[in-house]
Amino acid sequence: MTTLRVLVLLSCMIIANAYRDSFSPEKQFSGSHYVQQVQKMQVFKESFAQLQSTSPSPSPVSDPKGSSGVYHVTSYGADPTGKNDSTDQILRAVSDAVRDPGNGNLYKDIVNLGGVRIDLDGGNYKISRPLRLPVAGRGNLMIHGGTLTASENFPSDGYLIDLSDPSSSGLEYYYEYVTLKDLMLDSNFRGGGIQVIKSLRTGIDNCYITHFNSFGIFVQGGHETYIRNSFLGQHITAGGDPGERSFSGTAISLNGNDNAVTDVVIFSAATGILLTGQANTISGVHCYNKATGFGGTGIYLKLPGLTQTRIINSYFDYTGIVAEDPVQLHISSSFFLGDAYILLKSINGIARGVNIVDNMFSGSGKGEDIVQLDERNSKFTNIDQVIVDRNNARGMNVKATVAIGTKNANDADDTSWTIDLNQALLFPDRVKTVHYSLIAGGDAFPNHALRNVTDNRIVVQSNVPVRANITVIVDQ
Ligand SMILES: *[C@@H]1O[C@H](CO)[C@@H](O)[C@H](O)[C@H]1NC(C)=O
Ligand SMILES: *[C@@H]1O[C@H](CO)[C@@H](O)[C@H](O)[C@H]1NC(C)=O
Ligand SMILES: *[C@@H]1O[C@H](CO)[C@@H](O)[C@H](O)[C@H]1NC(C)=O
């Protein structure tokens with residue numbers, strides 16, 4: 001085998017040399033040298049051809065890898081037409097790929113497989129068991145380029161690709177730098193698409209994950225699973241689906257820290273993204289998974305008390321965001337369509353460090369508030385640094401934590417002015433600071449004072465009747 005490789009390499013070098021020679025100007029006229037070279041090459045090619053014809057041709061099944069790091073599943077007998085079950089064949093390819101001795105280590109004891117690839121050869125494979133790596137502690141590998149479909153007897157709690165520990169390895173992290181790329185994963189309403197447990201730096205890129213009934217992608221523990229440029233939907237639809245009411249499942253569940261979902265479309269599922277770990281970032285996500293009116297949620301932040309999530313540049317299409325007791329949450333530069341709104345849900349009444357700024361909302365004119373509170377469990381009482389401001393709305397009611405109110409004198413003298421800001425302010429009965437101005441008409445020079453802010457109703461009074469315009473600026 002080694003000799004053959006050296007010969008192939010040598011003959012390639014000679015061909016390359018001959019090619020370069022024929023085009024190099026100083027060699028143009030050196031005819032004899034050129035002829036010599038061509039003759040040498042001829043001899044070499046013949047000897048190589050001989051060697052090839054006499055040596056047994058390598059069987060693709062016994063040596064599917066050849067000299068490269070690419071493992072073709074079709075070489076292992078997997079059926080790319082999707083008729084026969086290919087579980088065993090693909091698992092053999094996976095097993096060979098990860099048993100490579102590797103090239104040093106990545107994080108701690110994770111073997112660096114040097115970029116081996118399990119190539120699905122553009123086929124559609126039926127599998128009846130999850131594709132699980134036979135050993136943990138491997139990294140730098142890719143599975144790519146084809147479709148996996150769960151068969152009728154696929155376990156309903158399984159995942160088509162399962163990056164979990166096959167044995168009790170006791171490793172701090174199971175896998176590192178595994179890339180799942182250019183894959184269509186069809187869970188056939190039996191289980192989920194991809195599971196990533198306690199892994200580092202996993203890339204899920206350009207995947208189309210459908211027909212899951214649990215989770216499209218489930219991430220637990222570990223760090224830095226980056227889900228990019230992908231499409232997830234339980235049902236294959238382009239919106240306005242007659243079965244939308246019964247959509248179930250969760251497209252992406254991040255039960256770990258430091259992950260990112262970037263440029264992803266979620267086109268059907270009861271919940272688009274469920275976050276139960278901190279420091280995750282969501283950017284460029286389009287959720288039209290299930291309308292809020294039908295009970296769906298675009299992004300559910302179930303991390304009461306420590307949220308630490310950024311949601312930016314995203315598109316909420318008839319389905320919104322729910323955040324339980326948000327602590328450090330940033331939502332900006334996003335577009336909410338179809339009466340979609342943000343719901344802050346009180347668990348223990350905490351909302352601290354929340355920025356909801358610079359978003360656009362568009363609705364049907366029913367007066368739906370852009371940000372709403374769910375205080376059924378308890379009232380929000382522990383509120384600090386919550387800023388809801390600079391959002392704009394069409395056909396919806398803007399809510400904010402900062403509001404300006406005015407009251408103009410209507411040709412009448414008065415001693416008391418009440419400005420009710422409940423329509424504009426997010427939190428009921430909460431005024432932290434008030435600035436007000438009283439502009440008196442004529443020669444009047446009254447004494448005046450801020451008298452009351454209870455229930456978000458700002459009351460200014462003067463000692464004598466006066467024709468005055470009042471402006472108040474309130475911060476919650
Ligand atoms: C499918 O399985 C049948 C029966 O084992 C076999 O004859 C056939 O060659 C297989 N087809 C493919 C494409 O592997
Ligand atoms: C109060 O506001 C009205 C409307 O802007 C204006 O016409 C009027 O002059 C103002 N009055 C005073 C006293 O500034
Ligand atoms: C402020 O207004 C509320 C509601 O109208 C009232 O119950 C309360 O007594 C007022 N407080 C003062 C200091 O006037």
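These are my notebook entries on a predicted protein model, written as I looked things up.

**Entry 1: the overall picture**

I started with confidence, and the protein averages a pLDDT of 89, with 86% of the residues scoring at least 70. Two stretches caught my eye after that. Over residues 1-35 the pLDDT is below 50, and I found 22 contacts there in the model beyond near neighbours in sequence. Residues 43-62 also stay under 50, and for them the model has 13 contacts beyond four places in sequence. A reminder to myself: where pLDDT is low, the predicted coordinates should not be read in detail. I left those two stretches alone.

Next I looked up the secondary structure, which comes to three helices and 33 strands. Then I checked burial: of the 476 residues of the protein, 41% count as buried. I also looked at how far apart in sequence the contacting residues are. Among contacts with a separation of 6 or more, 64% are between residues 24 or more positions apart.

**Entry 2: strand β5 and its partners**

I picked strand β5, residues 138-150, and asked how many of its 13 residues are buried. The count is 10, so I noted β5 as mostly covered, given that a residue is buried if 20 or more other C-beta atoms lie within 10 Å of its own.

Which strands pair with β5? I noted three, and went through them in turn.

- Strand β2 (residues 111-119) runs parallel to β5, and six bridges join them. Here I found valine 111 opposite arginine 138 in β5.
- Strand β3 (residues 124-127) pairs with β5 in the parallel sense over four bridges. In this pair, lysine 126 stands opposite threonine 149 of β5.
- Strand β7 (residues 175-186) also pairs with β5 in the parallel sense, over 10 bridges. Glycine 139 has glutamate 176 in β7 as its bridge partner.

For my own background, I wrote down that strands of a sheet pair through backbone hydrogen bonds, either parallel or antiparallel.

**Entry 3: a three-stranded sheet**

Further along the chain I looked at an open sheet of three strands, in the order β29-β32-β31, with antiparallel pairing. Which strands are at the edges? They are β29 (414-420) and β31 (448-452), each of which pairs on one side only. I checked the twist too: neighbouring strands of this sheet are turned by 25 degrees against each other on average, direction ignored.

Then I zoomed in on one pairing. β31 and strand β32 (residues 457-466) pair in the antiparallel sense over four bridges. Histidine 448 stands opposite serine 462 in β32.

**Entry 4: glutamate 224**

I wanted a single residue to follow, and chose glutamate 224, which lies in strand β11 (residues 215-233). Why does glutamate 224 count as partly exposed? It has 17 other C-beta atoms within 10 Å, and partly exposed covers what falls between 12 or fewer (exposed) and 20 or more (buried).

What does glutamate 224 touch, leaving out residues up to four places away in sequence? I wrote down Leu200, Arg201, Asp258 and Asn259. I also looked up alanine 260: it is 36 residues from glutamate 224 in sequence, and the two are 6.9 Å apart in space, C-alpha to C-alpha.

**Entry 5: around ligand 2**

Last, I looked at which residues surround ligand 2. They are Asn408, Ala409, Ile439, Gly441 and Asn469. By class, this shell has two nonpolar, three polar and no charged residues.

Technical notes: Residues are numbered from 1 along each chain as its sequence is written. Chains are lettered from A and ligands numbered from 1 in the order in which they are written. This is a predicted model: local features need pLDDT of at least 70, side-chain atom pairs count only at pLDDT 80 or more; totals for chains, interfaces and linings use all residues. A residue is near a molecule or strand if its C-beta atom, placed from the backbone, lies within 6 Å of it. Ala, Val, Leu, Ile, Met, Phe, Trp, Tyr, Cys and Pro count as nonpolar, Asp, Glu, Lys and Arg as charged, and the others, Gly among them, as polar. Helices (H or I, at least four residues) and strands (E, at least two) are DSSP runs, numbered from the N terminus. Two residues are in contact if their C-beta atoms, placed from the backbone, lie within 7 Å. Two strands pair if DSSP finds at least two bridges between them. Axes are lines fitted to C-alpha atoms, for helices over the stretch in contact, and angles run from 0 to 180 degrees between N-to-C directions. pLDDT is the predictor's confidence in each residue, from 0 to 100.
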